[in-house]
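User: I would like a close look at one part of this protein, with enough of the surroundings to place it. Please keep it plain.

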Amino acid sequence: RGQKRNASVKDLHVREDALREFRELLTSACLRRTKDDVSLMLPGKNDRIVPCPLSEVQRAAYRNLLESPDFQMALGKRKLCMCGAGRPCICGAGPVW
């Protein structure tokens, strides 16, 4: 009731007491460490680039993605027609944008 607009003064005090108790419980039970606190304990970053060829399935999926009308439109190589065909058409309406 302490959050309602028509809460009484007593309800507001009960709410504040409950919030204070919750914060105390949370700070005693929860350990909070920042990056500055733990940066000296972390190992150094080590990047490795390991080239690996695509499998035939992956290569076919990638080729299908590159040739898809949506991807071609995202690259700006195709324009969506106002008629909603989703492909270049001859309706004469022109591109959406």
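Which helix among the elements of the protein has the highest mean pLDDT, and which has the lowest? Please look closely at the one with the highest value.

Analyst: This is a predicted model, and among the elements of the protein helix H3 has the highest mean pLDDT, at 94, while helix H4 (residues 69–74) has the lowest, at 79. For the protein as a whole the mean pLDDT is 79, with 75% of the residues at 70 or more. The close look therefore goes to H3, the element with the highest mean pLDDT.

First, the setting. The protein has four helices and zero strands, in the order α-α-α-α along the sequence. Of its 97 residues, 7% are buried. Contacts between residues 24 or more positions apart make up 3% of those with a separation of 6 or more. The accessible surface of the protein is about 9400 Å², and 57% of that area comes from carbon and sulfur atoms.

Helix H3 covers residues 56–67, and the loop before it, which contains leucine 54, connects it to helix H2 (35–38). Two features are worth describing here: a salt bridge and a nonpolar patch.

The salt bridge joins the side chains of glutamate 56 and arginine 59, with an N to O distance of 3.5 Å. Both residues belong to H3 and sit three residues apart, about one turn of the helix. In general, side chains of opposite charge can pair when their charged atoms come close. The two partners differ in exposure class: glutamate 56 has a relative accessible area of 58% and is exposed, because the cut-off for that class is over 50%. Arginine 59, at 35%, is partly exposed.

The nonpolar patch is formed by Leu54, Tyr62, Leu65 and Leu66, which together have about 350 Å² of accessible area on the surface. Leucine 54 comes from the loop between H2 and H3. With a relative accessible area of 40%, leucine 54 is partly exposed, so it passes the cut-off of over 30% that patch residues must meet.

For comparison, helix H1 (residues 9–29) holds a pair with a similar layout: arginine 20 and aspartate 17 are three residues apart, and so are separated by about one helical turn. Their side chains meet in a salt bridge at 2.9 Å, N to O. Arginine 20 has a relative accessible area of 45% and is partly exposed, and aspartate 17, at 43%, is also partly exposed.

Another salt bridge links arginine 15 to glutamate 16, whose closest N and O atoms are 3.3 Å apart. Arginine 15 is partly exposed at 29% relative accessibility, as is glutamate 16 at 35%. The total is three salt bridges.

The cysteines can be dealt with briefly. A disulfide is a covalent bond between the sulfur atoms of two cysteines. A search of the whole structure finds zero of them. Cysteine 52 is exposed, with 62% relative accessibility, whereas cysteine 30 is partly exposed, at 47%.

To return to H3: its salt bridge runs between glutamate 56 and arginine 59, and the patch beside this topic is made of Leu54, Tyr62, Leu65 and Leu66.

Notes
Residues are numbered from 1 along each chain as its sequence is written. This is a predicted model: local features need pLDDT of at least 70, side-chain atom pairs count only at pLDDT 80 or more; totals for chains, interfaces and linings use all residues. Side-chain values use heavy atoms; hydrogens and water are left out. Patches are made of residues with over 30% relative accessible area and no salt bridge: like charges are joined within 9 Å, nonpolar side chains (Val, Leu, Ile, Met, Phe, Trp, Tyr) within 5 Å. Accessible areas come from the Shrake-Rupley method with a 1.4 Å probe; for residues, only the protein chains shown count as cover. A salt bridge is a side-chain nitrogen of Lys or Arg within 4 Å of a carboxyl oxygen of Asp or Glu. Helices (H or I, at least four residues) and strands (E, at least two) are DSSP runs, numbered from the N terminus. Buried means under 20% relative accessible area, exposed over 50%, partly exposed in between (1.4 Å probe, protein chains only). Contact means heavy atoms within 4.5 Å. A disulfide is a pair of cysteine sulfur atoms within 2.5 Å. pLDDT is the predictor's confidence in each residue, from 0 to 100.
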